Each structure stands twice: as structure tokens, then as C-alpha cells.
Amino acid sequence: MRLFRIATLALTAIVSATAADAQTVRVGFVTSLSGPSASIGDLMDKAVRLYIEQNAASIAPVRVEIIRRDDTGPNPEVARRLTQELITRERVQLLTGYIYTPNAMAVAPLINEARIPTIIMNAGTSAIVRQSQMFARVSFTMWQSAYPLGQWTARQQGVRRSYTLVADYAPGHDSEQAFIRGFTEGGGQNVAAVRMPMNTVDFAPFLQRVRDERPDALFIFVPAGVVARGIMKAYADLGLAQAGIRLVGQGDITPDEELPNMTDVPEGIITMHHYSADADRPANRAFVEAWRRAYGANSTPSFYSVGAWDAMAAIFHVIREQRGQIDPARTMELLRGWENPNSPRGMVRIDRETRDVVQNEYLRRLERVDGRLVNREIETIPMVSDPWVRFNPAPPR
Amino acid sequence: MDQALAIAVSILFLGTAYAMILYIISVGLSVTMGLMGFQNLAHGVFAMAGGYVCTRTMAEFGVPFLPSLVLAFVVVAAISVAFERLLYARLYGAGELEQVLFTIGLAFMAIAAAKFMFGPISQRVDLPDYLKGQIEFMGRGFPTYRVFLIVVGVAIIAALWLAIERTTFGAQVRAAVDNRRMAESLGINTGRLFTLTFALGSGLAGLGGALGADILPVDPGYPLRHLVYFLIVVAVGGLGSLRGPFVAALLLGIGDSACTILVPQIGAFFVYAVTLGLLLWRPQGLFGRM
Amino acid sequence: MTTAALEVQGLNKNFGALVVANAIDFRLEPGARHALIGPNGAGKTTFVNLLTGRLQPTSGRILLGGDDITALSQEQRVKRGLGRTFQINQLFKGLSVLENVTLAVGERAGVAGDMFRVAGTHRGVVEEAYGLLERLGIADDALKLVREVPYGRQRLVEIALALALNPKVLLLDEPAAGVPQGESKVILDVVAALSPDIAMLIIEHDMDIVFRIAKRITVLVQGAVLIEGTPQEIAADRQVREVYLGERDHG
Amino acid sequence: MAPHARDAARTSPVDSLVTRHRLRPLELLPWVLVIPPYWLFDTYLPLGSEILIMVLFALSLDLILGYAGIVTLGHAAFFGLGAYTAGILAANGWGEPISGLAAAAAVAGATGYVTGRIILRAHGLTLLMMTLVIVLALNEAANRMGWLTGGADGLSGIEMWPLLGLFRFDLYGRTGYVYAAAVLFVAWIFVRRIVHSPFGRSLTGIRENVTRMHAIGVPVRTRQVTIYAIAAVLAGIAGGLLAQTTQSVALTVMTFERSGAILIMLVLGGVGRLYGAFVGVPAYMIAQDNLARLDPVYWYFWVGLMLVVVVLFARGGILGIVDRARDLVVRRRP
């Protein structure tokens with residue numbers, strides 16, 4: 001029996017070697033294409049296709065084949081099964097995608113066992129990359145933006161008391177802790193940390209409470225999308241801005257794609273994020289232009305798209321360097337320390353030690369330009385690595 | 001003391017505004033469920049449709065806000081007649097399970113259709129200037145739109161209750177809810193009555209969806225996202241009642257804001273606990289009959 | 001005085017201000033053939049529901065074979081020998097006639113809670129059910145689904161379900177209701193042939209049936225007992241003729 | 001029901017009822033079909049395991065929905081409790097699979113018993129809402145107890161010990177497949193026995209007519225609570241299996257959506273037939289696996305359409321259609 005298994009494995013190795021000889025690199029791409037988060041998967045998928053279209057020539061004669069799978073949302077069992085199938089049936093050499101943390105966590109044992117380098121496009125919980133030596137991440141972490149935002153807020157004149165309002169789930173908890181840590185380390189005092197149930201429909205009572213409390217700054221985190229719009233609306237309705245309460249948050253509360261529908265939201269909201277579609281960098285202008293040419297003038301890429309874009313850039317890099325012969329160890333070596341100075345988000349790097357993303361965080365101000373709301377970058381905090389790692393050193397192996 | 005009063009006013013004001021939306025959307029569900037004994041889990045679709053009618057007619061045809069609300073009512077009521085005659089009517093005698101499945105199926109299809117037609121992103125609502133900002137009253141600011149919601153809500157409720165209590169149509173509806181067989185034997189055409197009631201209820205849901213679009217953003221996920229709240233209002237209020245869902249909506253709206261403002265740690269459990277408790281205490285709902 | 005098969009003392013039931021049972025005193029003797037009559041809305045079905053435990057009385061006592069059963073649940077009353085039929089069929093329409101009766105027999109025999117042996121192990125139960133069908137002359141329909149059986153025969157299944165419980169007291173709620181005149185005879189024959197050990201209370205509208213079967217009659221009007229007596233006494237009573245039989249004379 | 005009655009017309013009525021429980025050869029078909037994929041489609045084994053697990057889940061739902069006639073939108077609560085129980089045990093150093101399943105069954109069953117006692121006095125919309133609210137509340141509890149469940153990040157660090165101390169859970173999912181199949185097989189024998197027991201028959205009576213069941217002396221609530229708890233046990237085992245074979249648990253194990261999905265799969269196969277689960281679940285999941293790949297965005301449209309069509313034209317689901325087709329053929333023959 002054991003012999004049989006060894007024989008199968010050997011055969012498998014030969015088969016995959018032959019596949020590589022054909023100069024096609026097979027990449028498994030797991031994201032959500034149906035269900036409530038289908039639009040996120042769509043933003044990622046469009047970026048993947050656009051990248052390949054633009055850069056296919058750069059790896060010729062090697063070709064890259066993307067095998068897409070739909071994990072339907074935060075369903076780790078589905079993501080795991082699809083990944084398993086991608087590895088065993090489709091014989092992929094690289095994996096990428098993964099919007100949700102539980103999905104990424106669930107595939108860690110698989111990629112460990114099969115030794116498949118996996119580049120996370122989105123999932124943002126700090127601890128993920130520690131789950132497997134085969135993970136690298138090009139997206140972001142909650143701490144990466146919320147912590148420096150806390151520090152920055154503490155430095156502002158007249159801001160001494162902050163109030164945090166986050167969606168009551170793991171990413172929200174991360175953001176809350178990161179912001180409060182940054183803010184209190186900077187000398188501020190957080191007066192209340194309120195968590196809002198995920199099914200909250202009317203946010204006004206939460207904001208009314210904030211108004212009555214009169215903090216100097218209000219930090220909000222909710223998942224991007226309909227919820228973000230609802231809470232921004234309530235912020236505007238209750239006149240918190242007029243009451244002198246400054247709103248700060250991560251990019252999720254003013255997502256680029258929702259901005260056209262956020263009417264009446266007051267200018268001046270400060271957000272910290274690694275990407276805005278309106279950023280005035282040549283690489284970004286080219287990216288957005290190409291995007292609109294391909295997908296229509298009304299279509300706007302978002303940070304999801306940029307995560308996918310840079311994941312593809314990293315994948316193309318390892319393919320180019322190995323001339324299409326993907327070796328897991330060598331691939332991970334290539335990913336460690338990989339840099340892309342020409343990302344739409346500016347410089348981005350995969351840390352040599354942690355395999356996690358290091359990138360600029362941009363402080364943006366919500367402004368009305370030609371009658372339309374944009375997140376204008378006003379300050380850059382260069383090359384931020386995940387602060388969480390510093391506060392939570394990995395246990396010795 | 002002043003502080004406590006201010007908090008109480010906030011709770012009542014915000015809770016009532018929210019309750020108005022919930023009630024206007026849900027009352028139709030209560031009446032049709034009571035009248036026809038139909039488990040309709042697709043009711044949110046009509047509210048979503050109202051939201052789309054309102055936002056799209058404003059965006060594409062420049063219809064002003066108030067007329068677009070009327071349009072939402074009329075268009076959704078008209079669509080619902082087709083639904084009722086062609087689809088729902090076939091299942092009046094059917095079992096609970098069939099009705100549940102059928103209406104979930106409709107909701108799924110509506111979600112996909114909405115996504116296909118309007119895209120995945122929520123709709124923008126351009127309120128007229130006179131509804132923006134805040135109204136100063138007794139030295140406090142109140143969001144104008146929520147004041148408007150309460151005023152319009154009260155007007156609609158008054159009109160609705162008058163219609164049901166004072167008109168022949170209303171009398172027929174009440175008779176049919178009480179005892180369908182009896183009503184039929186008195187020569188009331190219950191089939192037509194169902195259709196009209198259904199249209200009225202769905203139209204109101206459409207209107208509620210449109211009125212609420214600024215607070216509950218309209219997007220394809222709408223029908224399922226808010227379904228639980230609509231159902232809670234109906235179940236807690238009691239089937240076939242006008243007053244029941246109103247009390248339930250107020251309880252839910254005000255209770256939820258009170259909980260949020262006073263003890264946010266309890267979070268979502270408040271709604272669940274209250275619902276379970278009330279249903280255990282009165283399985284037929286606050287104002288439902290056995 | 002012998003112990004009554006079923007006795008009711010000062011039974012009251014109100015729904016809010018509406019009084020549906022008003023100080024009812026009533027005795028059903030062992031082996032009785034007793035009829036309960038009264039105009040529409042007199043509270044006959046309510047009375048039956050109070051007896052069986054579907055409704056709880058506001059006050060008063062119900063005794064079965066001398067034991068107070070007022071606080072007992074429907075199930076417990078059935079277990080003590082109180083069986084009933086319904087005015088409108090309450091059958092398991094999607095099951096066969098034999099299965100219908102087998103369910104009742106199995107329940108009475110106390111095997112129905114058995115979870116780990118297949119139903120076939122209890123062959124005696126099925127045989128008893130089939131025997132009952134033979135006795136009532138509906139064995140031919142044993143394997144038909146109830147909903148495929150004509151209404152008149154469904155009424156017999158209704159009675160079979162009650163008999164399967166070996167009741168000491170049987171409440172028959174309009175056993176021939178809804179059955180065409182020609183077929184009702186079969187049902188009445190069955191009723192007439194019931195064991196004399198069973199005390200029977202028949203709730204009826206149809207005076208022919210009442211006078212054919214009942215040895216005693218109680219008249220219920222507006223939730224209260226108007227009068228009780230032999231058929232002759234009732235037929236002769238002026239009050240009864242006014243409130244009840246009167247309708248027929250004029251109709 | 002009808003086909004049995006017809007088959008038996010030749011024997012005596014009593015015999016036909018007494019022998020109803022006998023195994024018909026066709027009933028073994030699922031078990032024959034389970035075997036070949038192990039060798040033939042070995043890269044599909046993870047999907048296979050998931051199908052087997054969902055069949056078990058649907059089977060448990062059939063007990064309360066199809067047999068006892070209780071319509072619930074909260075059955076995923078028990079699935080989720082089972083998944084979290086097995087998962088939390090394994091993530092905290094107890095990775096033994098079988099005892100993990102037993103724990104999952106116990107937790108889910110106890111919850112089923114308690115909630116059943118509380119809510120089963122209601123019916124209609126009220127009952128529906130209570131089942132719904134319970135699953136929502138449990139989901140929220142799991143979300144907020146991040147220290148135990150991992151919250152929205154999912155439960156990570158599940159490490160399973162080899163099954164029976166011998167078989168490691170492997171990359172291809174072979175062990176998981178055999179394990180799931182074996183558990184389902186045992187559960188099937190158990191469920192089949194219950195369905196054909198006097199107890200099971202009395203459940204059918206409750207579904208068909210509660211009023212009459214009361215009138216023939218059936219302790220209706222007790223029976224309903226019993227079967228509700230049994231179904232909860234089986235759902236808990238299914239959830240535990242999912243956690244163990246996929247070594248992951250997330251909040252989505254315990255949602256209204258999952259309750260709805262399993263209901264849809266069961267209805268697609270056919271309710272109250274014992275084998276509806278075996279037909280509906282694979283049909284749905286294989287269709288989803290294929291269709292969703294072609295046109296994932298509008299998958300929900302097709303699911304919705306399927307539901308509407310089943311309710312309007314094919315109430316017995318796929319098995320109902322098969323029955324009717326067979327009736328047609330049988331009747332045509334002289």
C-alpha cells in the first residue's frame with residue numbers, strides 16, 4: 001500500500017514536470033464570483049485579466065493559464081475543497097486569490113503539504129501568513145492602516161479624545177485595537193470603543209450617542225459596501241461634522257466604487273489606505289485608464305483590483321525568473337523581498353522575513369472635485385510593515 | 001437631568017423614524033399573511049422594487065423626489081397584481097413548506113434580476129434640498145429627512161387606518177380576515193379582495209422601500225438582508241392586524257435605538273431575545289388572534 | 001347511585017365576555033345511548049372539546065369513571081378511555097385506511113413510542129386494526145389512501161379510529177354529517193351495533209337519527225342545559241319545541 | 001406511500017404493512033454508487049465527501065420536515081454547533097475524530113432537545129421565526145466569542161489525529177471520503193430503522209393530522225421534541241464531519257442561508273421519502289459545481305427558478321417525478 005502511494009506520487013511528479021515542459025504555468029485563482037461578495041471577486045478577476053492581457057508578452061514563450069474557482073463567500077470548507085481540487089486535479093503550480101481570512105487559513109495545511117506557493121490577494125488578518133511558509137501576501141492588514149492612522153490622529157491639533165465605532169467581527173476588532181493603540185501611544189485617550197452588530201440597519205442611534213459624547217475624533221470601521229454607505233449617511237444626517245467631531249477611518253468607509261452614490265457626505269473625512277483610484281501617480285493613471293478602456297468609463301478599480309494586480313505582477317516575476325519552470329522553494333525565495341515600484345499604489349514589497357506586504361499608506365481627504373467626491377491623497381507614510389508583527393512576535397518554532 | 005431628557009428624545013425620535021419605514025414596508029405583509037394565510041418570504045422584493053423605481057426614475061428621467069415616491073407605490077402595486085394573479089394565487093391552498101420555498105425562489109430570482117439590470121452597487125438617492133440638513137427645535141438639531149419620514153409615516157398610517165376602518169373595501173377586508181368562509185357566504189368576492197389587498201400591501205412596501213432608500217440603501221441583496229426584520233415585525237405584531245405590526249415596529253425601532261444608545265454591548269442579541277421572548281409569551285403575536 | 005361513566009359538574013367556559021358553557025351539569029351512565037342536541041351555536045362542539053381536553057374550562061369539574069380528569073391533557077384522557085369522532089373528518093389523508101387505524105391501535109397498545117424495532121414486529125397491532133376494518137365492513141379499502149376513499153366510507157374510518165382506542169366513553173360528533181341520505185344508514189347500523197359496554201354520547205342535528213339511537217336526550221341552548229329526559233319527554237316538551245324543534249316545524 | 005400499497009396488492013393487506021420495512025434492492029443503489037469514485041474519480045473525493053456530509057445533513061432535516069412536518073429555517077444551528085464542537089476540540093489538542101463526532105452529536109442533540117421543548121409548542125410563522133431567530137442568535141454568539149471560535153476569521157489550527165489511529169487525513173481526501181461514507185452508512189441504517197418503527201409511523205401521523213393524533217392519545221409534543229433532538233444529533237454529526245474532514249470552521253456553517261440551502265437540496269430530491277436527500281444533494285451540488293463555474297454570477301437565478309418550478313410543477317422533487325413516470329409506465333401496461 002505504501003509502495004503504491006510512493007509510486008503514485010512519483011508518477012504525479014512526472015506528470016507535473018511534463019506539464020511544465022509545455023511552457024504553460026498553471027495558476028489556481030480562488031475568489032468569490034457568486035453570492036453577496038460576487039462584486040469583489042469581479043473587481044479582482046478584471047484586474048487579473050487586464051494584467052495578463054498587458055503583460056503576456058513579457059514571459060513569452062511561457063504562457064500562464066488561470067484556473068478560476070468560486071468559493072461563494074467566507075466558506076472555508078468550499079475554498080479548501082476547491083484548492084484541494086486545483087492541486088490534485090488541475091495540478092496547479094501556484095495559487096492566488098482568497099478574499100476572506102477563514103478561506104486563506106483553511107488552505108494553509110494543504111499548501112504546506114503540497115508545497116504550492118500561494119499569494120494572497122486580499123485576506124487581511126495579520127496572523128494568516130504565519131500559518132504556512134508557502135504564503136506571501138500583497139494585500140494589506142488591518143493594523144497596517146489603522147495603527148498609523150491612530151498615531152496621526154493623536155498628532156492633530158485639538159484632538160485629545162477619540163471614540164471608536166467598529167463592526168462587531170474579527171476585522172473590526174483588529175481595527176479597533178490597532179487604532180486605539182496608535183492613538184493612545186501618541187498621547188490621546190480613547191473614551192469609548194463601541195462595536196456595532198453586523199446586522200445593524202440603522203446607524204443613526206450609534207452616531208447620536210457619539211454626538212452626545214462629543215469626542216474630538218471618531219474612528220469608524222465597517223466593511224466596504226452598502227454598510228459603509230449607510231453609516232456615512234447617518235454621519236451626515238446627524239450633523240456630526242458641524243458638531244466638530246472629526247471622522248477618520250480606513251479606506252473601507254469611503255470605497256472608491258461607492259463614492260458616486262454617497263451624496264451629501266461632508267468633505268474633509270480623513271481615511272488611511274494603501275490605494276485610491278484618484279491617486280495622481282503615473283502608474284496609477286495608466287492603470288485606471290487601461291481599466292476604463294477595457295471595462296467602461298463608469299467602471300472604477302478599487303483596492304481589491306490592485307491586490308489582484310500586484311499578485312499577478314509577483315506571479316509573472318517568479319515565472320520570468322524561472323523561465324516557466326516553477327520550483328516551490330525557489331519561488332518562495334523569489335517572492336521574499338520582491339518589489340514592484342510601479343504598482344498603481346506606488347512602491348510595494350513583500351517582506352523578506354515575514355512574507356507579508358510592505359507598502360505606502362496614504363492619508364486621504366474626502367474632497368469634492370468637479371462636483372464629484374474623491375479620496376485625495378494628502379500625506380504619505382512610506383513603506384509601512386505590519387505593526388501587529390512587532391507587537392506579537394512569532395512564538396519560537 | 002437635561003442629559004437624560006436629551007437621550008430619551010434621541011431614542012424616541014430615531015427609533016420612531018426607523019419604525020415608520022419598517023411599518024410601512026411590513027404592514028402589507030401582515031395583512032396579506034393574515035388574509036390569505038400565505039407565508040410570503042418574497043415581500044422584501046417589493047420594497048426593493050420600490051426603491052429601484054424611485055431612485056432610477058430620479059436618476060434617468062429627472063423625476064422629482066415626491067412624484068417618484070408615488071410612482072414607486074403605483075408601479076409596484078401594478079407589478080404585484082401580475083405576481084398575485086399569475087403565481088401566488090396558484091398556491092393559496094398549498095402547504096406552508098411550498099409557500100416558503102416558492103417565495104424564497106422568487107426572492108432569489110429577483111436578486112439576480114436586480115443585479116443584472118442595475119449592477120451590484122447600491123443606488124444613489126438625491127434628496128431635494130428641503131429635505132437635507134437639520135431642523136433646529138428646542139435648541140437641538142433633528143435630521144430633516146427623519147422628521148419628514150415621521151410626518152409622512154403618520155399621514156400614511158392615518159390614511160390606511162381610515163381606509164380599513166371606514167370604507168366598504170376595508171370592511172370587506174376585515175370581514176375576510178376574521179372569517180373567510182363567512183365573508184364568502186355574504187357574497188364578498190374574496191379572490192378580487194385578495195388581489196386588491198395584495199396590491200395595496202405590495203404598493204405600500206414599494207413606497208416604504210422608496211422612502212427608506214436613503215437609510216436602507218437599495219441594492220440586489222436587499223430582499224434577504226432585511227427579510228428577518230420584516231418578518232419579526234409581522235410575527236411579533238400578529239397576523240392580519242394593522243395595529244400589531246405598528247406596535248411591533250415601534251418596539252423594535254425604539255427598543256433597538258435605546259439598546260444601542262444605552263447598552264451597546266448587548267448588540268444584536270436585543271432583537272433576538274425580544275423576539276423570542278414575545279413569541280413565547282404570545283405565540284399568535286401581540287395583536288394576533290389564535 | 002352507580003358511578004357515572006362520565007360526569008360534568010358546574011362546567012363554565014368563557015372567551016372574554018362571551019359565555020360558551022354555562023354551569024353545565026351532566027351525567028353519562030355506563031352503557032348509555034345519550035344524545036346531545038341543540039340549535040346552531042348552542043355550544044355542542046365546545047362542550048365536546050371541553051370534555052376531550054382540547055379546551056380548558058374556566059371552572060367546573062369533569063369526572064371519568066369517577067376520577068377527576070379536569071386537569072389532564074387530551075392524551076391522558078384518551079388513555080383513560082375517552083374516545084371521540086369529529087364532525088368534520090380528521091383523518092390521515094395521505095395514508096392508507098389500514099395505516100390510519102393501525103396508528104390508533106398501536107398508540108392504545110402502547111407500542112407507538114417504540115423507536116428501535118420496525119413496525120412489522122408488532123404484527124398483532126396490524127391484525128387488530130384489520131379486524132376492526134372487517135367489522136365495520138371497510139376491509140376492501142384497507143390499502144387505499146384515505147383521500148381516495150368515498151366520503152361515506154371515510155366517516156366509517158373516522159369511527160374506526162375512535163373504536164381502535166377501546167373507549168369506555170365514546171363521543172360521536174354528528175357521525176353522519178355530510179353523508180348522502182342513502183349511505184347514512186350504513187353508518188347508523190354500525191353505531192347501533194356498538195358494544196353495550198361503551199357509554200355513548202352522540203351530538204346530532206338530525207332528529208331522525210337522534211330518536212332512532214338515543215335512550216336519553218340533553219338539550220343545550222346558549223351553552224346551558226335546557227332540559228334532559230327520554231326522547232318522548234323531549235319530543236313532548238313545549239320549551240324544546242319552541243327553541244329547537246320549532247325551527248323544523250316552520251322550516 | 002402509494003407505490004408500496006400497489007406493490008403489495010397481491011399479498012394480504014396485513015402482510016403488506018407488516019413487511020413494509022423490508023429492504024428493497026434499489027435502496028442499496030446509493031451504497032453501490034459510493035464505492036467506484038474512490039478509485040475512478042479520486043481528484044473529486046473532496047467534493048464527494050462534502051456531498052456525503054450534506055446528504056447526512058439533509059437526511060436529518062427530512063426526519064423533522066418530511067416525517068414530522070416541522071418547517072424550520074434554523075436547522076443549520078445544529079450543523080454549526082456540531083462543527084464548532086468538533087472543530088474547537090481538535091484545535092485545542094483533542095484531534096481524535098470519533099470521540100469528536102460524539103461530542104458534536106451530544107452538544108447539538110442537547111441544544112435540539114432544549115430548544116425543541118421551548119419552541120415546538122408554536123407553529124406556522126411563529127415557529128418559523130423562532131427557528132430563524134435561534135440560528136441567528138447562535139451565529140452572533142459564535143461571531144462574538146472570537147477567543148473560542150475565531151469569530152469571523154474562522155477557527156484555525158484544527159489538527160486531526162489519524163482515524164482509528166491508522167489513517168491520516170490526506171491531501172486527496174481519501175480518508176475523509178471513506179470516513180464520511182461510513183458515518184453516513186451507519187446514520188442511514190439508524191434513520192431507516194426509525195422511519196419504519198412505530199415511532200416513525202406516528203411522526204407521519206403528526207404531519208398528516210395533528211388534531212387527530214391528539215384525539216387518539218398521542219403525546220404529540222413529546223414525539224416532536226424527541227425527533228427534533230434526534231435530527232439535531234444527526235445534523236451535529238454532519239457538521240462535525242465537515243469540520244474534521246476540511247479542518248476548518250467558519251461562521252457560514254451556522255446561517256440562515258445554509259438552512260435554506262439544505263432545505264432546497266432536500267426539496268429538490270423529494271421530501272419525506274428517506275432518499276430525497278440522496279438524490280437532491282448530489283444533484284444540487286454537482287450542478288452548482290459545474291454551472292457555477294460557467295455562470296457563477298447568476299447561479300442564484302437558476303436556483304430560484306428551480307425552486308419555483310419544483311413547487312409549481314413537481315412537488316415531490318426528482319423522486320416524485322420518477323414515481324410519476326413509473327406510474328405512467330405501469331398503468332400503460334395491461
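## A tour of chains A, B and D

Start in chain A by selecting Thr72(A), which sits in the loop that joins β2 to α3 (76–88). Its phi is near 60°, a positive value in a residue other than glycine. Keep in mind as you look around that this is a predicted model. Is Thr72(A) buried or exposed? At 18% relative accessibility it counts as buried, because the cut-off for buried is under 20%.

Now step back along chain A to Pro61(A). This proline lies in the loop between α2 (38–55) and β2 (63–70). Zoom in on the backbone just before it: the peptide bond from Ala60(A) to Pro61(A) is cis, and its omega is near 5°.

For the last stop in this chain, select Arg214(A). You will find it in the loop between α7 (204–213) and β8 (217–221). Although Arg214(A) is not a glycine, its phi is positive, at about 50°. How does its exposure come out? With 47% relative accessibility, Arg214(A) counts as partly exposed.

Next, move to chain B and colour residues 43–61, which form helix α2. How far does this helix reach from its first C-alpha to its last? The 19 residues cover 27 Å, close to the 27 Å expected at 1.5 Å a residue. If you turn on the surface, expect to see little of α2(B), since it is mostly covered: 14 of its 19 residues are buried. Then click on Gly62(B), just after the helix, where phi is positive at about 65°.

Finally, hide everything but chain D and view it whole. Which secondary structure elements does chain D have? In cartoon view you should find 17 helices and zero strands. Turn the C-alpha trace along its principal axes, and it spans about 65 × 50 × 40 Å. A compact globule of 334 residues would have a radius of gyration near 20 Å, and chain D agrees, with 20 Å.

Stay with chain D and look inside. Of its 334 residues, 64% count as buried. Among contacts with a separation of 6 or more, 79% are between residues 24 or more positions apart.

Now bring up the surface of chain D. It exposes about 12,300 Å², and carbon and sulfur atoms supply 67% of that area. To end the tour, colour the charged side chains: chain D has 26 positive and 17 negative ones. The centres of these two sets lie 13 Å apart.

Technical notes. Residues numbered from 1 in each chain as written. Chains lettered and ligands numbered in written order. Predicted model: local features only at pLDDT ≥ 70, side-chain atom pairs only at ≥ 80, totals over all residues. Heavy atoms only, no water. Helix = DSSP H or I, 4+ residues; strand = E, 2+ residues; numbered from the N terminus. Buried < 20%, exposed > 50% of the residue type's maximum accessible area, 1.4 Å probe, protein only. Rg over C-alpha atoms; globule rule 2.2 N^0.38 Å. Contact = heavy atoms within 4.5 Å. Areas by Shrake-Rupley, 256 points an atom, 1.4 Å probe, with all protein chains shown as cover. Lys, Arg positive; Asp, Glu negative; His and termini not counted. Charge placed at Lys NZ, Arg CZ, Asp CG, Glu CD. Expected span 1.5 Å × (residues − 1).
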